[in-house]
Amino acid sequence: MGLLSLKTLSPAIKQYLVITGNYWAFTLTDGALRMLVVLYFHQLGYSPLNIAMLFLFYEIFGVITNLVGGWLGAKLGLNKTMNIGLAMQIIALGMLAVPAEMLTVIYVMVAQALSGIAKDLNKMSAKSSIKLLVPEGAEGTLYQWVAILTGSKNALKGVGFFLGGLLLTLLEFKGAIILMASLLAIVWVFSLITLKEDLGKAKNKPKFKEIFSKSSSINILSAARMFLFGARDVWFVVALPVFLAVTFNWDHWWVGGFMASWVIGYGIVQSFAPIITGNSTGKNQGKVPTGRTAFLWASSLTVIPAAIALALHFNFHIQASIIIGLLVFGAVFAVNSSLHSYLIVSYAGSDGVSLDVGFYYMANAMGRLIGTVLSGWVYQNYGLEACLWISSLFVAIASLLSLKLKP
């Protein structure tokens, strides 16, 4: 029965399932690798700040990859950029399957740089492909498909955090890396066989200078995205894990478990964003988010980090305020993220869609990079409260920028 129903699926649905499967497999290894690196280098005696710096190249190359990757996707086809991303992740994992004495900081940073390039090629390809697989004008369906893809990816990234800890316990670092590389290689071969060759290839060959978007809506949305993700990572990447370990005296399993649970919950909420915003089914079917929707949701997010910062300042039930406050932040942030993910795919042109999506996710990566650097520096000098105030400021800027989007 399952095989029969699979045969009756439309070609677009089959391609969507292949792309989503690729994205899921990649995301599991990406989340697991991050946790493996964090826990393994923690065991080796590295400080949390030094561990965070291992991911610096990962974020820097994410900015570059999104900018150039969109052009490559339009020139070569999204199937090729997705498969190149999978291959690069396999190489990055292979680089880490070496004797422990070879795992110097610079060496790991280079491997993480390759992984960062791979991740953003894969993400850009997956998000761009959806635009091409949904019929023209079916904006409600587009919103739901984007929400499911984005939400499931983040939920699986959280599962990857748990998986990384489990594999490290069962197989140790090298064994875990070899297993993940082997399984991803199987996915890569399947992808080479099943993905359409012309998916996303622009009819008119794009020039390299076209990597910068000419659309004012996409430029504004990209700027808002940069501040939105900077607002998350300014406390999430370094400040929060260190704060939980030092102030609450949590061990790394508790810290990792909380972070993983946060990401899984965040992903689940993202998947249900069309229902939460009233754009799913029934009387609102066909009614899709606008710039006004993005402004309202960003405005509501602004007050949450400010409220947590005030609780810290006045020493008001700090543990409960941090945990409950950040769970609420995660839920509201997830809706904001899904709205943005839909709007960029909706705004992007169908011919050479990856150019617009790549430019947008370059801004996303830039926000993560800014947040990562500020998270370490601001926390080290001024503490978590300052990180939260900066988070609130960044969300406020994203909110104001959203006012300039199509109403």
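## Surroundings of Ser 375 and two asparagines with positive phi

Beyond its neighbours within four places in sequence, Ser 375 is in contact with Asp 233, Val 234, Trp 235, Val 237, Val 238, Ala 239 and Cys 387. The model described here is predicted. Ser 375 belongs to helix α14, which covers residues 353-382. With a relative accessibility of 0%, Ser 375 counts as buried, because the cut-off for that class is under 20%. A polar atom of the Ser 375 side chain lies 3.0 Å from the backbone nitrogen of Ala 239.

Ala 239 also takes part in the packing of two helices. Helix α8 (residues 216-236) packs with helix α9 (residues 239-246) at an angle of about 25°, and their axes are 5 Å apart. Angles under 35 degrees count as roughly parallel, so α8 is roughly parallel to α9. In this contact, Val 234, Trp 235 and Phe 236 of α8 meet Ala 239, Leu 240 and Pro 241 of α9. By class, the contact of α8 with α9 comprises six nonpolar residues, with no polar and no charged ones. Val 234 and Trp 235 of α8 are among the residues in contact with Ser 375.

Two loop residues have a positive phi although neither is a glycine: Asn 249 and Asn 315. Both are listed below.

| Residue | Phi | Loop | Relative accessible area |
|---|---|---|---|
| Asn 249 | about 60° | between α9 and α10 (252-271) | 67%, exposed |
| Asn 315 | about 55° | between α12 (291-313) and α13 (318-347) | 58%, exposed |

Asn 249 is classed as exposed because its relative accessible area of 67% is over 50%. The value of 58% places Asn 315 in the exposed class by that cut-off.

Definitions and conventions: Residues are numbered from 1 along each chain as its sequence is written. This is a predicted model: local features need pLDDT of at least 70, side-chain atom pairs count only at pLDDT 80 or more; totals for chains, interfaces and linings use all residues. Side-chain values use heavy atoms; hydrogens and water are left out. Helices (H or I, at least four residues) and strands (E, at least two) are DSSP runs, numbered from the N terminus. Buried means under 20% relative accessible area, exposed over 50%, partly exposed in between (1.4 Å probe, protein chains only). A polar contact is a pair of N or O atoms within 3.5 Å; within protein, one must be able to donate a hydrogen and the other to accept it, and residues adjacent in sequence count only if both atoms are side-chain atoms. Contact means heavy atoms within 4.5 Å. Axes are lines fitted to C-alpha atoms, for helices over the stretch in contact, and angles run from 0 to 180 degrees between N-to-C directions. Angles under 35 degrees count as roughly parallel, over 145 as roughly antiparallel, 65 to 115 as roughly perpendicular and the rest as oblique. Ala, Val, Leu, Ile, Met, Phe, Trp, Tyr, Cys and Pro count as nonpolar, Asp, Glu, Lys and Arg as charged, and the others, Gly among them, as polar.
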